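Visitor: I would like to know how some of the terms used for a protein model are justified. Could you take me through a few of them?

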Amino acid sequence: MNDLPFTLDQLRILRAIAIEGSFKQAAKTLYLSQPALSLQIQNLEKHLNTPLFERHKKRIKLTDSGQLLLRYGNRILALCEETYRAISDLQNLQGGTLIVGASQTTGTYLMPRLIGLFRQRYPQINVQLQVHSTRRIAWAVANGQIDSAIIGGEVPYELQGILKTRPYAEDELALILPKSHPLSKFEKIRKEDLYSLKFITLNSNSTIRRVIDTVLHQNGIDSSRFKVEMELNSIESIKNAVQSGLGSAFVSVSAITKELELGLIYWAKIENITIKRVLYIVENPNRYKSKASKSFFDF
């Protein structure tokens with residue numbers, strides 16, 4: 001077959017639609033007009049002589065042909081990206097580009113400091129950071145879109161036989177209280193005191209919320225007994241709510257460094273309990289590993 005019935009741009013478009021769940025959002029992500037994107041898909045379906053999407057009023061769904069093309073398309077695009085990085089390594093042994101990923105809390109509070117220190121030692125290496133949910137980051141590592149990542153949650157079950165994980169560090173969870181809270185006068189509080197506190201948490205469908213609840217359960221703390229006053233959608237909004245005296249919360253210690261230094265909140269220690277979770281480095285052993293990536297994780 002001399003001419004392929006698809007282009008790399010069409011495969012990128014197909015991948016974007018599958019990730020975003022709509023033509024409109026995919027067009028926005030790729031900086032294309034929606035008519036231009038739709039035309040590319042129409043041409044692709046015409047050349048393949050098969051529909052790729054089942055179109056409904058409010059949602060779209062890949063057909064069997066669409067899922068098959070997406071699976072192979074991801075592999076093709078990942079191989080192209082690997083090829084580019086391998087050539088870059090060969091041409092510029094002292095530099096290169098590193099694409100690292102991280103789950104939300106790790107990417108927001110820990111990774112910028114690590115990248116800053118790394119750039120001081122290796123200023124010639126360009127570092128790109130992608131921050132998403134653990135699931136999305138794991139898939140990006142599997143597809144070769146990200147070199148390696150640091151996550152705090154579990155790798156999706158369907159990727160556990162593909163990705164390699166290794167412990168990187170321990171991340172302690174802190175119980176934070178308003179400075180004016182009566183319990184802030186005590187050096188340590190009892191575990192039973194937790195069930196009388198008013199809590200501020202992330203939304204119940206948040207991956208970070210599920211990770212925190214699991215770690216608390218492993219330490220004998222039943223988060224289902226907490227009096228949850230409000231659910232918010234970010235760690236920053238939770239910290240602000242605690243500072244304003246609206247309740248208490250469990251957050252990563254790495255997320256409250258500045259607030260502790262400025263004395264804006266109180267870190268309440270719990271008797272006989274230190275609550276920690278393990279952060280993991282995630283890699284795909286079957287993908288090309290650039291010199292920049294090796295340098296970063298050796299560092």
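The talk below deals with a pair of helices and with cavities in this predicted model.

Visitor: Why are helix 5 and helix 10 called roughly perpendicular to each other?

Guide: Helix 5, residues 104–121, and helix 10, residues 291–298, pack at an angle of about 110 degrees. Angles of 65 to 115 degrees count as roughly perpendicular. Helix 5 and helix 10 are therefore given that name. Their axes are 10 Å apart.

Visitor: How do you know that helix 5 meets helix 10?

Guide: Contact means heavy atoms within 4.5 Å. M111, L114, I115 and F118 of helix 5 meet A292, S295 and F296 of helix 10. By class, this contact has six nonpolar residues, one polar and no charged.

Visitor: What makes a space in this model a cavity?

Guide: A 1.4 Å probe fits there but cannot get out. Two cavities of 30 Å³ or more turn up when the whole structure is searched. The largest holds about 70 Å³ of space, and the second largest has a volume of about 40 Å³.

Visitor: What makes a residue part of the lining of the largest cavity?

Guide: A lining residue has an atom within 4 Å of a cavity point. For the largest cavity, R85, D147, N284 and Y288 are among them. Its lining divides into three nonpolar, three polar and four charged residues.

Visitor: Which elements each supply at least two residues to the lining of the second largest cavity?

Guide: Helix 7 (207–218) and strand 10 (249–252) do. The lining includes I208, I212, V251 and S252. By class, five of its residues are nonpolar, two polar and one charged.

Notes:
Residues numbered from 1 in each chain as written. Predicted model: local features only at pLDDT ≥ 70, side-chain atom pairs only at ≥ 80, totals over all residues. Heavy atoms only, no water. 1 Å grid on protein atoms, 1.4 Å probe; cavity = no way out; pocket = protein on both sides within 12 Å on 5 of 7 lines; lining within 4 Å. Points joined across faces, edges and corners; volume = space filled by probe spheres on them. Nonpolar A, V, L, I, M, F, W, Y, C, P; charged D, E, K, R; others polar. Helix = DSSP H or I, 4+ residues; strand = E, 2+ residues; numbered from the N terminus. Axes fitted to C-alpha atoms, helices over the stretch in contact; angles between N-to-C directions. Parallel < 35°, antiparallel > 145°, perpendicular 65-115°, else oblique.
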